[in-house]
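Hi,

Here is the structure I said I would pass on. Have a look at it first, and my notes on what turned up in it follow underneath.

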2 protein chains.
Amino acid sequence: MSVLIVGSTALDSIKTPKAENPRLLGGSASHAAVAASFFAPVKLVGIVGEDFPRRYLQLYKRHQVDLAGLQIAAGKTFHWSGEYEVNMNSRRTLETELGVFETFTPKLPASYRDSQFVLLANIAPSLQSHVLDQMRRPKFVVADTMDLWLNIALPDLLQLLKRVDGFVLNDSEARQLTQEDNLVAALKKIHKLGPRYVIIKKGEHGAILSTRNGLFLSPAYPLHRVVDPTGAGDSFVGGMMGYLSTARGSIDDNLRRAMIYGSVVASFCCEGFGLKFTTRITRPAIEARFKELAKLTRF
Amino acid sequence: MSVLIVGSTALDSIKTPKAENPRLLGGSASHAAVAASFFAPVKLVGIVGEDFPRRYLQLYKRHQVDLAGLQIAAGKTFHWSGEYEVNMNSRRTLETELGVFETFTPKLPASYRDSQFVLLANIAPSLQSHVLDQMRRPKFVVADTMDLWLNIALPDLLQLLKRVDGFVLNDSEARQLTQEDNLVAALKKIHKLGPRYVIIKKGEHGAILSTRNGLFLSPAYPLHRVVDPTGAGDSFVGGMMGYLSTARGSIDDNLRRAMIYGSVVASFCCEGFGLKFTTRITRPAIEARFKELAKLTRF
């Protein structure tokens, strides 16, 4: 089964202490779509400007990403530039040019409306809701978010949370949303906002899933060197949804393994700038790291 | 088999945003000894002053801790007072009174010298070495440390590391010691200093073990409420050494499970001030949480 993914499609200029990389393919939807593509066909919803490099359209196509829902509009592609500190953990936004994103209204082609697995990757929650409005009866809807929306669009986000099955956010966002420092306590509070499945991402420390059946502590693959963590969270949720959409059995039966697959793709993402490393991996490489994670956590 | 534990034996006055607790039983050796006692008999090496409350001696005895190596000296017991911030992660020392610790020289009773499992809990590395000097042929020696010794006694610590099998430290100490931000890279550098087994503790994020056979990602038990994390690291390493000393088979066969037992005891430690909660638990409660951790990490 395919996965519908909506989110940002952007050009990222990423500075680190060691290198500068202008106008890489980026955005939450791009990272999530490539990550999901290793498991399932992807239907992309997004917008780019006329300056969007043709080679990036080709990159999507090489990953069998359906671009019927990608609008190409007059104007400039969303451009984000940021800088990482020495320890690669704290990131600073240098500039954000919204470009065509400013007036984006996601429109779903008819062929998208029956999608069963929907990933509302990081984008304004009103747009995430607008995508849901156009769907028939999706089987499993997951939303991701970022601190910006907690700050400027909290009512929209709370509205959205009543309509999704799963919600993914990082630890500092979970603390901000719930005013609760303890993550286990924060998870309980987030369930009350609507989602039956809540996942808190903790970067290099893995992720925690909370469901009616309890918690799952998902490890992160231990990397010897992190080149660029941009998009790791999007890769995580993209890989997770890609795997989930193809796995037989219930969501509850498969979600733990799906998170591990997500962690694995996220680990590859961190090993290169933008999507450079992720686009080069293969399913066998993913399977090898999946098995390795099983070995690294067995006791 | 018994575990020999040397470290600090102290009175801790712990302030948190919610409560104040004067003169609790504390110190690395106290926490480690009680944690180990659930698995094996403990031989304690330490020093207290004449003001040391009799009820704390009784507490050790209730846990079958052998006190032949505990010196009771003229003067005051080591007293530490500290304060936790709202999020219970950052801690501030208010006062440290060394008391009888200032002139402490650990002396091993004859009955201690053949101990096979030795835990050099956090204390000056020169004293840790001095204990090793008095041992016959221990089977497995693990040292813990703290940032203070990296700052003021690094040469002593480096000397010690050549003589131990295992070394335990927390993530910020590992980064300080190796000047390496990435923990996987830091682990490799620490092996070069001597220890075959290196464990980096990451608090609520668990711990990483590195051996010749690769890494093990050890989870922390997810707590809904942390009352006082003081001594959690000591409880972790104490529980680990206690279990190891009684497990059949090689160190490599048992170390992962030993770390999980350590995590479990550490989790109980965090649920009360000082040793209040830890002293109340039972082996069946430990086994229940061990099984739960297996369930929480299975995929």
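Let's start with B:R136, which sits in the loop of chain B between α3 (125-133) and β9 (140-144). Bear in mind as you read that this is a predicted model. Is B:R136 buried or exposed? Its relative accessible area is 53%, and the cut-off for exposed is over 50%, so B:R136 counts as exposed. If you set aside the neighbours within four places in sequence, the residues in contact with B:R136 are B:R113 and B:D114. I also checked B:R136 against B:S245, which is 109 residues away along the chain: their C-alpha atoms are 17 Å apart.

On the other side of β9 there is another loop residue to look at. B:T145 is found between β9 and α4 (147-152) of chain B. Its relative accessibility is 4%, and buried means under 20%, so B:T145 is buried. Which residues is B:T145 in contact with, leaving aside neighbours within four places in sequence? They are B:N122, B:L157, B:F167, B:V168, B:L169 and B:E173.

Now for the nonpolar cores. The largest one has 104 residues, and those touching the most other members are A:L120, B:I5, B:Y60, B:L119, B:M240, B:M241 and B:I286. The biggest contribution to this core comes from helix α9 of chain B (residues 251-269), which gives 10 residues. Pick out B:I5 if you want to see one of these members in its surroundings. Beyond its neighbours within four places in sequence, B:I5 has contacts with B:A29, B:A32, B:A33, B:A36, B:V42, B:K43, B:L44, B:V45, B:L119 and B:A121. There is also a second core, separate from that one, with 103 residues; A:A232, A:M241, B:V131 and B:I208 are among them.

Over to chain A as a whole. How many helices and strands does chain A have? The count is 10 helices and 13 strands. Its radius of gyration is 18 Å, and the globule rule gives 19 Å for 299 residues; the two values are close, so chain A is as compact as a globular protein of that length. Measured out along the principal axes, the box filled by its C-alpha atoms is roughly 50 × 45 × 40 Å. As for burial, 61% of the 299 residues of chain A count as buried. If you take the contacts in chain A between residues at least 6 apart in sequence, 64% of them join residues at least 24 apart. The area that chain A exposes is about 12,400 Å², with 50% of it supplied by carbon and sulfur atoms. On the charge side, chain A carries 37 positive and 28 negative side chains, and 7 Å separates the centres of the two sets.

Finally, two backbone oddities in chain A. A:R23 is not a glycine, yet it has a positive phi of about 50°. A:R23 belongs to strand β3 (residues 20-26), and with 35% relative accessibility it counts as partly exposed. A:Q179 is not a glycine either, and its phi is positive too, at about 55°. You will find A:Q179 in the loop between α6 (171-178) and α7 (183-191) of chain A, where it is exposed, with a relative accessible area of 67%.

Happy browsing!

How values were computed:
Residues are numbered from 1 along each chain as its sequence is written. Chains are lettered from A and ligands numbered from 1 in the order in which they are written. This is a predicted model: local features need pLDDT of at least 70, side-chain atom pairs count only at pLDDT 80 or more; totals for chains, interfaces and linings use all residues. Side-chain values use heavy atoms; hydrogens and water are left out. Helices (H or I, at least four residues) and strands (E, at least two) are DSSP runs, numbered from the N terminus. The radius of gyration is taken over C-alpha atoms; the globule rule is 2.2 Å times the number of residues to the power 0.38. Buried means under 20% relative accessible area, exposed over 50%, partly exposed in between (1.4 Å probe, protein chains only). Contact means heavy atoms within 4.5 Å. Accessible areas come from the Shrake-Rupley method with a 1.4 Å probe; for residues, only the protein chains shown count as cover. Lys and Arg count as positive and Asp and Glu as negative; His and the chain ends are not counted. The place of a charge is taken as NZ of Lys, CZ of Arg, CG of Asp or CD of Glu. A nonpolar core is a set of buried Ala, Val, Leu, Ile, Met, Phe, Trp, Tyr and Cys residues joined through side-chain atoms within 4.5 Å.
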